[in-house]
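Thanks for asking me to look this one over. Here are my notes, set out as numbered points so that you can follow along in your viewer.

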Amino acid sequence: MPVGTLIAIFDTTYETLRAEDFFREAGVVFRPVLKPRKIGSACRMALQFGEEALPSAKAAVAQGKLALNAFYRKEGEQWQKLD
Amino acid sequence: MTMNTKPVYLDNAATSWPKPEHVARAMQTAMADIGANPGRGGYAQARAAGRLIHDTRILAARFFNAPDPARVIFTPCATYSLNMALQGFFKKGDHVIVMGRQHNAVIRPLHDRRLGVKVSRLVWNDTAPLVKELARVQTKKTRALIVNHASNVDGFLYPLDTIGRAAKKRGLTLIVDAAQGAGNAAIDMRRQNIGILCATGHKGLLGPAGTGLLLLNAGIELMPLIKGGTGSYSDKEAMPAVYPDRLEAGSLNLPGIAGLGAGIRELMKLGLEKSIAKKMRRTEQAHAALSKIPGIRLYWPAKKELRIPLFSFSIDGIDPAEVGDMLDHRHNVACRVGLHCAPDAHREIGSFPEGTIRFAPGIYTTAAEVEHFIHAVREIAGCL
């Protein structure tokens, strides 16, 4: 089971499921997880993946015109939003 | 005439039956193996449920050539879809043109005073240029043209290509009631300029009861009729602005949607054109035989391109309810009789208030079953 330090959060369940398809197609190894509560109170799913897959994940977002909320990186106990 | 031991079901315009085996199997799998509530949890079963819904959304979008699967909304039936469309699209003071043999699912919401919409009816039977006809009744406040794609009474099929072009020329949003049309005629949201498409899942699409679809084209915005939990943006009091969440408050009917997906897949596997052609052969078989029986009035458009595989009939001097009763009790034939929730359609074809008996075969109706029906009608009409 891949464990990464990055997560991608999308606007809806629908977009997250689309993202799964595009991530898979782009060869991104990911794990669907619940969005960490420290990022915000809204219930949402997120896709967790490793640092090495970030370029492919970004490409998948562009390819699928996915409604990405943001990428986050775990640093210690905190989640930092990526630019 | 002896009682047929097997029922001959000719009420597929009410709901299709029997359903393909895959439909029941898909529903069973959804209940026994998935079970969880889609979009309401992050665990494997909930994700599997979400995936099933997602895949069915994409399938439905492909079937109707809708531009965006996110704008495919699951509803309990076409009536709900129409209520969501009409109450979500119009605002007080708007004007709307309705065309076609309308069903009460359109007429009643439009006549609700709280909606405050002015309605003009346009009778058009593909004989005059539609753009000119629309211009005649259109006002500055006209926002939409509503058409009943196919009549559940006489099978009249409104040509959506022509209507879509005319609506676009007049700057009107085209709202289509496809309760009967879906699965009985080709529907292409993009090519036909359909703004809002309302369909049921349990008739021509072969899915189970309790399923319906509401499909929105790009740029169409609806106010949500039902508000509540969506599994998203839970920290906000307002409904999400994004689709499908905006219009899908509350738990979705997972087994039903699984069955609907299986129904659409079966239809695609059989081929829409082939399945329509098969039903049409059965309908023509019955229509041709009944047209030779004295005292029978038939209601089916003369032009082949303007009809779906169902028609109505009546027998002079016999109440349609009595005919239906005799078909049922003496011959084990199931047909719906009366006004079919569409009094306007009956007024238009001249069968109001008595109503008619409706012949509506399905994809599994056999030629032998149709022969049994014909024999039964001959006997009732006094020809045997």
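1. Two residues are taken to be in contact when their C-beta atoms, placed from the backbone, lie within 7 Å. Please keep in mind that this is a predicted model. With that cut-off, 13 residues of chain A are in contact with 15 residues of chain B. On the chain B side of this interface, four residues are nonpolar, seven are polar and four are charged.

2. A helix pair across the two chains is worth a look. Helix H1 of chain A (residues 13–25) and helix H2 of chain B (residues 44–63) have axes that come within 10 Å and cross at roughly 85°. Angles of 65 to 115 degrees count as roughly perpendicular, and therefore H1(A) and H2(B) are roughly perpendicular to each other.

3. Which residues make the contact between H1(A) and H2(B)? From H1(A) come Thr13(A), Tyr14(A) and Leu17(A), and they meet Gly50(B), Arg51(B) and His54(B) of H2(B). Sorted by class, this contact has two nonpolar, three polar and one charged residues.

4. Now to the sheet in chain A. Five strands form an open sheet in the order E2-E3-E1-E4-E5, and the pairing is antiparallel. The edges are held by strand E2 (30–34) and strand E5 (78–81) of chain A; each has a single partner strand, so one side of each is left without a neighbour in the sheet. From one strand to the next, the twist averages 35°.

5. At the E2 edge of that sheet, E2(A) is joined by five bridges to strand E3 of chain A (residues 45–49), and the two run antiparallel. If you would like a residue pair to click on, Phe30(A) stands opposite Phe49(A) of E3(A).

6. Chain B is assigned two domains, with domain 1 covering 21–270 and domain 2 covering 271–380. Taken over C-alpha atoms, the centres of these domains of chain B are 27 Å apart. Between them, 21 residues of domain 1 of chain B are in contact with 25 residues of domain 2 of chain B.

7. Which helices supply at least two residues each to the side of domain 1 of chain B that touches domain 2 of chain B? They are helix H4 (104–110) and helix H7 (254–270) of chain B. By class, that side of domain 1 of chain B has 10 nonpolar, eight polar and three charged residues.

8. H7(B) also packs against helix H1 of chain B (residues 21–34), at an angle of about 145° and with the axes 8 Å apart. The crossing of H1(B) past H7(B) is right-handed. Among the residues in this contact are Val23(B), Ala26(B), Met27(B) and Ala30(B) of H1(B), along with Leu254(B), Ala258(B), Gly259(B) and Ala262(B) of H7(B). The class count for the contact of H1(B) with H7(B) is 10 nonpolar, five polar and one charged.

9. Last, a sheet in chain B. Four strands make an open sheet with the order E9-E10-E13-E12 and antiparallel pairing. Strand E9 (296–299) and strand E12 (337–338) of chain B are the edge strands, and each pairs on one side only. Within the sheet, three bridges join strand E10 (residues 311–315) to strand E13 (residues 356–359) of chain B, and these two run antiparallel. Here Phe313(B) stands opposite Ile357(B) of E13(B).

Technical notes. Residues numbered from 1 in each chain as written. Chains lettered and ligands numbered in written order. Predicted model: local features only at pLDDT ≥ 70, side-chain atom pairs only at ≥ 80, totals over all residues. Nonpolar A, V, L, I, M, F, W, Y, C, P; charged D, E, K, R; others polar. Domains from an automatic or database assignment. Axes fitted to C-alpha atoms, helices over the stretch in contact; angles between N-to-C directions. Parallel < 35°, antiparallel > 145°, perpendicular 65-115°, else oblique. Pairing = 2+ DSSP bridges. Left-handed = near helix turned anticlockwise from the far one by under 90°.
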